[in-house]
Structures are given as C-alpha cells and as structure tokens.
Amino acid sequence: MGTDGTNSGRLLDGITVVDLTTFVTGGFATLMLANQGAEVIKVERPGTGDDSRYSGPPFVDVEGYDGPGRAASKHGESPYFWTVNYGKRSVELNLKTDEGLEVLFDLIEEADVVFENFRPGTAERLGIAYEDVRAVNEDAIYCSISAFGESGPWSRRPGYDLLVQGMSGIMSVTGEEGGDPVKVGLPQTDLITAMWAAFGVVGALYRRELTGEGDRIELGMLDAALPWLTKQAGKTFVGEEPERMGTKDPVLAPYQSYPTADGYLNVACGNQKLWEELCEEIGRGELADDPRFESNADRVGNMDELEEELSATFTERTTNEWVEQLAEDAGLPVGPVFDVDEALSNEQVEARGVVGTLEHPAVGEIPSIEHPLNFSNVDSGFEEAPPLLGEDTDAVLDELGYSRERIEELRTSGAVPDE
C-alpha cells in the first residue's frame, strides 16, 4: 500500500511480460517488473524449466504435493530460485515444435514486453527474434540480454557472472591487498545487468505511451558492469592502477572495517567534520592534529599507519559497545558487519517489513524479500509465491481461449507436457 495509506493499484498493472530467460540476469529484471504489478509469464522448457531451479543445495522437499505444477529438481524446490521468481506464472512450452511456437506467438500477441537471454543468433534460429515478434505485435518492447552484446569479437562467447566479474575489472579490485583476485559474494554482474534491463524496459514503455511505438533493447553484461567501476575507473583515467585493498577505499579514509574485541566495525568518515568528531568520541583527539592524518588526502596517503592507530583503539571494546556509543549516541556513520542471517532479521529490517512471507502451493509459508521502492500514491510488492514448474500452463492456455480439445492436441504434439 502507498505510504499515505491509499491504494490506487500498482505502477505496471495491466502490463504483460513474456519471459523467455533462464537463470538470474533476465529473471531478476522481470522480477523487478512483477514487483510493480506486471504479469510475468515465465516460459520454461518442458520437464526441465529454468536452470536456477537446480541451484542448490539447499532444496526444500515437496513430497506429497499433487496440485498443478511440480518441482523440476528431484531434490525439491530451490530457495535460490524463489528469490528470483516471486509473483510469476510458469508455462511449460516446447519451442522446438511448430505448435509450441504457435502458442508462444499467441502469448506475444497479447504481451507488452518480451525478454530473452539466448546467446546471440539463437533467437533468430528459433524464429523468435525481434523482427519475428514485431510481425505479430509491433507495439512490443523486446529486450535481449547476452554476456558480451551482439557486436564485437566476443559476441558469440557464452558467459556467466563469474566470467564477467573477471573481465569487467571487478575481481581485480576485490580481495585483500597482495592477495588473489576475489569474486564478489553475490552474482553482482547478473544483478547489475538485470537492473539496467528493467530500467530500460520501463523507459521504453513510457516512450511507447508518448509515441505509440515499440522498441528493442539490447545489452550485454560486460557493458552493464563497466559504468559501476566509478572511482576505480576515475583512477585509471589519470594513469593510476587500482589495486585490491580489502575493505579500504581508494579515495576516502577512514572508510573501512576495523577489528573490535569480538568482531568488526565499519567506519565511514566521508568528510573532515566526521573525522574530527570520530577522533574526539574515541578519545584519540591527537590523531586529528597529527600531520599524517590532517586532511583526507593525508589519511589516504598514510592509510596503513591510520589503520594501525584506529585498530589499536577499536579492539579495546566490542562491536555493539562501539555502535551504541558512536552510531546511536554520537550520530557517526559506523556499523557492524552482519552475517546474512543477521542482515535479514535485525530490528531495522523488521520495522521496515522488508522480509515477509508468501504461501507456496507445495511448501507452505516461505520467506520473501521485498523490493525497496515505496511510493506515496501507488502500491508495490509481491503477492504470489514463485511458481512450480508448469503450474500455470493450463490456466494461461484457457485465458488464451484454447479449448480442451486444442490443449490435448498440444499435449499429443509435445508442445506442452502431459499433466
């Protein structure tokens, strides 16, 4: 509900998305649209489904469930799959059959947006490229996602988040000083690309409202990651080489993690005033007058010495004691380093209602992570659990106006699986 208590629908109510993607990049993009009210119809391979259904362990057993749809993995449902597919509908459709393609184009004819993340050339080979879609729905927004884009010498290479993290420079600046390159612990370039894609689609939908024209959006994961280099790119632009620095920052100090008596404390002094207040609060006023640490540039230039001085002080007390004194009482930007469970279950997250629950048809109540956009005049949020494989096949075919006889013909042809 809107933050003023009103409820005037969701931003993308009435928008239908046909999602032909697998795994995270396209999946998170369409998830963002589903959160804002779009109906996302997830077209999946019969009997197999999205690859992320197999991501695990952990898995959650669905033994005994006998309703529509099923778990693709013999191990059960993947909680990882859930986090990328709340609020979608699943249709199993064999796109290698003429009948399956016919059903797909019936879906596309009624859709506003089509997503695909095939390797470049595959959509053309399947007969579902933009020009094919435009022939039946010239108003559609068609979004193509690939690892390296559709031009350039790497365009035909396969790619996953790990490869793009390496080739985007992200791994070169992640990890401890002098250590090996480290992958960010999240599928970061998948998620970066997904956010660009969702942003582009919403922009194209707005333009369509103004002009009546559909459009095609094409983006590669590598292209999507590079703008996020920001301060590291800035150093490169003037001939400096960014390096791995652990939690240190290349242009701000102190701006890193420090050990405490029982854990770690993040300290983020973004300006001179905060630095001077920090020194006063921790009883180290002499550091503010030390020529080595007088200005931010001085502190960045003497970061190792600064780390030694502050670590000696912060290890005298526990993380919670420092947070209470510095963050709660003094209003300084410091905070703990949580593990994932603590990040999802602390008092702030609970107060904001970020982690909720949804009723899954085969598992029962499952956790859901809400998206962060809170509007004053429109609603947002997930209303349905992620679908079981093929859970909505018959319902969607019914909505397209297919008779029971026609649906049985599709089963016989192999376009859709048997019940």
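Q: Let's take contact to mean heavy atoms within 4.5 Å. In this predicted model, which residues does Glu116 touch, leaving out those up to four places away in sequence?
A: Glu116 is a residue of strand β4, which covers residues 113-116. Its side chain is buried. Not counting residues up to four places away in sequence, Glu116 touches Leu20, Thr21, Ala123, Tyr142, Cys143, Ser144, Ile145 and Arg216.

Q: Which side chain of opposite charge is nearest to Glu116, and how far away is it?
A: A salt bridge needs a side-chain nitrogen of Lys or Arg within 4 Å of a carboxyl oxygen of Asp or Glu. Glu116 is buried, yet it has no such bridge. The nearest side chain of opposite charge is that of Arg216, at 4.5 Å.

Q: Which strands stand at the edges of the open sheet?
A: Happily, the strand order gives us the answer. The sheet has 6 strands, paired in parallel and arranged as β3-β2-β1-β4-β5-β6. An edge strand has a single partner, so one of its sides is left without a neighbour in the sheet. The strands that fit are β3 (88-92) and β6 (215-220).

Q: In β2, what is the bridge partner of Asp19?
A: β1 and β2 (residues 39-44) pair in the parallel sense, with 4 bridges between them. In β2, the residue that partners Asp19 is Lys42.

Q: What angle does the direction of helix α1 make with that of β1?
A: Helix α1, residues 23-35, packs on the sheet. There α1 touches β1, β2, β3, β4 and β5 (141-146). The direction of α1 and that of β1 make an angle of about 165°.

Q: How many residues lie between β7 and β8 in their hairpin?
A: β7 and β8 run antiparallel and are joined by 5 bridges. One of the pairs puts Gln256 opposite Val267 in β8. Between the two strands of this hairpin, the number of residues is 4.

Q: How many residues apart in the chain are Arg10 and Glu383, which meet in a salt bridge?
A: Their side chains meet at 3.7 Å, N to O. Arg10 sits in the segment before β1 (16-19), and Glu383 in the loop between β11 (364-369) and α17 (393-399). Arg10 is buried at 15% relative accessible area, while Glu383 counts as exposed at 54%. The pair links distant parts of the chain, and the separation is 373 residues.

Q: Is Asp249, the salt-bridge partner of Lys231, buried or exposed?
A: The closest N and O atoms of Lys231 and Asp249 are 2.7 Å apart. Lys231 belongs to helix α9 (residues 230-237), whereas Asp249 is in the loop between α9 and β7 (255-259). At 31% relative accessibility, Lys231 is partly exposed. Asp249 has a relative accessible area of 7%, and since the cut-off for that class is under 20%, Asp249 is buried.

Q: In which helix do Glu277 and Lys273 both lie?
A: These two side chains form a salt bridge of 2.5 Å, N to O. The residues are 4 apart, about one turn. Glu277 is partly exposed at 27%, and Lys273 is exposed at 55%. Both lie in helix α10.

Q: Which elements do the buried residues of α14 pack against?
A: Helix α14, residues 319-329, has Thr319, Trp322, Val323, Gln325 and Leu326 as its buried residues. They pack against β8 (264-268), α10 (272-281), α13 (303-314) and β9 (334-336).

Technical notes. Residues are numbered from 1 along each chain as its sequence is written. This is a predicted model: local features need pLDDT of at least 70, side-chain atom pairs count only at pLDDT 80 or more; totals for chains, interfaces and linings use all residues. Side-chain values use heavy atoms; hydrogens and water are left out. Buried means under 20% relative accessible area, exposed over 50%, partly exposed in between (1.4 Å probe, protein chains only). Two strands pair if DSSP finds at least two bridges between them. Lys and Arg count as positive and Asp and Glu as negative; His and the chain ends are not counted. Axes are lines fitted to C-alpha atoms, for helices over the stretch in contact, and angles run from 0 to 180 degrees between N-to-C directions.
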